[in-house]
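The following exercises concern the contact between two chains. Each task is followed by a solution in steps.

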Amino acid sequence: MSITTFIIISIIKSVVVLGVLLTAVAYSVWLERKVSAHIQNRWGPTRVGPFGLLQPVADGVKFILKEDLTQPHVYKPLYIAAPIISLVFAITSISVIPFGNWVDIGPWGTYLQVTDVNIGLLVVLGITSMGVYGVALAGWSSNNKYSLLGGLRASAQMVSYEVSLGLSLVGVLIIAGSLSLRDIVDAQRHMHWNIFLQPVAFFIYLISAYAETNRTPFDLPEAESELVAGYHTEYSAMKFAMFFMAEYANMVTVACLATLLFFGGWLGPVLGPPILQMILPVLWFCLKVFLFMFLYVWVRWTLPRFRYDQLMAFGWKVLLPLAVANVVVTALIVAWRA
Amino acid sequence: MIPLSYYLLLSGILFACGVLGFLIKRNIITIFMSIELMLNGVNLSFVAFAAQWHALSGQVFVFFVMVVAAAEAAVGLAIIIAVYRTRETLNVDRVNLLKL
Amino acid sequence: MLHLILFLFFGTICVAGAINLLAQSHPINSALSLIAVMASLAGEYLLLGAEFVAAVQVIVYAGAIMVLFVITIMLLNAGKEERTQGSRVAILIGVPGVLIGGVLVAWTLLHRPDMQTVPIGALKGDPSDIARLLFHDFLLPFEVTSVLILIAIMGAVVLASRPEAIARPHRSTPGPQETRELVATGKDHR
């Protein structure tokens, strides 16, 4: 494949994936509002379009047209850069997520993935750890004691739970033998899904990911009743929308990783003509990601919030030893079988 | 295909900037950051030489440098916090007497 | 050609970040320039083929150690640094000295008769090969550094904690029984 074909195909893939991601982020807000409404025995958005499906469009227009308050007392460069940093790092991690298998369209063929790096999992972990800066710098540059406390708490929480997040994935890596996300999914063929082989690791991953994305029950840094609104107190309109989008994009990334690493990614019953065989894996992937997003919203509106010291104690004193024990047991079993 | 000395030159520039920062800066946190810059320059040298001599141990040694840098940063920042609590300043020129 | 362009791109960000670290007076700007240096160094490592080292550089150095620095700067509310007598002397003597030394080293490096070249992605640092080296040939340094990290964690916790937290470690609010006793004897207020 020549270099220009490669570049054109990559650009097309990037644009398509980015468009799908941003739409998914917008409609996960709709999903959250609908599901939370039905859990609380009310309707949710119903007026804008059928079933309120155009509500994200209305929200987007609102955010663009809202007055962008410029505070006189903030540290301007970082105040503007922090939401951009959050959003950029939240969206970048979609570039190594595979959606399906090899597809052939006419004379060209490509993997359904923007780029297949053989350290794909480490790239996602690295981008997640860089995302802490958006939160920390937002809290600090707002020049407001509530924002500073919220920013410090949120960044300390994110850094603490990154450790157990990474360690819980080591069991999966030992089984798959590779860091490439595509190889990890390929190792789960014939119903050898990692959820059956690594159930403890799955729960540790899920809990750490909820804490990493600052979602309930770990959302103390941004809870409205606690620190006004935590690190995004001083933000309005478009900058607040960027933080919002970054949070939901992180949720989508976590859901994608959970399906790829534990639930077999795009593997599922595939039948029919070749065109259907190319599309069905993608549909299975999207279905599984949708179920994880639903789980996210369900957990948010079911469980109460952790207090901050309970949160940190749980992360360091319970999850980390459990994750280490999981790695040791997995390594022993794999070495004994080999 | 670029000469190895370009990488070594970049590593040397980073190291020199780290030394300069260590000498001319007065804020103790910035001095620490210059030390981290020096360590990064050294890491680049290690990886460049590993590429030239086809010895993977150069890349393995980078891990040990990173681990030591992490340990040193943690303890150093804890010392900085302790100094700040007693002296109320982060300027090294004001921390020059044993008497408080 | 592409190798040279990419090298110069990442190298320029590295050098610009390093000089910005020296030039800025507020430590948070220096910290952010250092993060830029580390990220571009990860790019340089990728050019040399060390992909695992590049990923670890981003995760550990730029994503954890620098977060520690930024949190400390935020916690201690560090402000712009002031110019004192000592710093003027250091600038007058130190900067020309290091610059002269740097020019000498650069001259020696760039004017050699035989300059060995490295291709793009020279030595592929596969995680499995690095792991094999780390756990076979370098097992002792690996174990020793893990003990070192443990000691560093304990030291940092002790150094950064408040003195009374060590003197009276289990001081907490009284439970229900204790509260009733305090109220009954009138000791719940001074």
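**Exercise 1.** State how many residues each chain gives to the contact, and describe the side of chain C that touches chain B.

Solution. Chain C contributes 72 residues and chain B 60 residues, two residues being in contact if their C-beta atoms, placed from the backbone, lie within 7 Å. On the side of chain C that touches chain B, helix 4 of chain C gives the most, with twelve residues. By class, this side divides into 52 nonpolar, 15 polar and five charged residues (Ala, Val, Leu, Ile, Met, Phe, Trp, Tyr, Cys and Pro count as nonpolar, Asp, Glu, Lys and Arg as charged, and the others, Gly among them, as polar).

The model is predicted: local features need pLDDT of at least 70, side-chain atom pairs count only at pLDDT 80 or more, and totals for chains, interfaces and linings use all residues. Residues are numbered from 1 along each chain as its sequence is written, while chains are lettered from A and ligands numbered from 1 in the order in which they are written.

**Exercise 2.** Determine how helix 3 of chain B and helix 5 of chain C pack.

Solution. Helix 3 (residues 57-87) of chain B and helix 5 (residues 127-136) of chain C pack at an angle of about 70°, with their axes 10 Å apart. The two helices are therefore roughly perpendicular to each other (65 to 115 degrees). Helix 3 of chain B supplies S57(B), Q59(B) and V60(B) to this contact, and helix 5 of chain C supplies I130(C), L133(C) and L134(C). This helix contact has four nonpolar, two polar and no charged residues.

Methods. Axes are lines fitted to C-alpha atoms, for helices over the stretch in contact, and angles run from 0 to 180 degrees between N-to-C directions. Helices (H or I, at least four residues) and strands (E, at least two) are DSSP runs, numbered from the N terminus. Angles under 35 degrees count as roughly parallel, over 145 as roughly antiparallel, 65 to 115 as roughly perpendicular and the rest as oblique.
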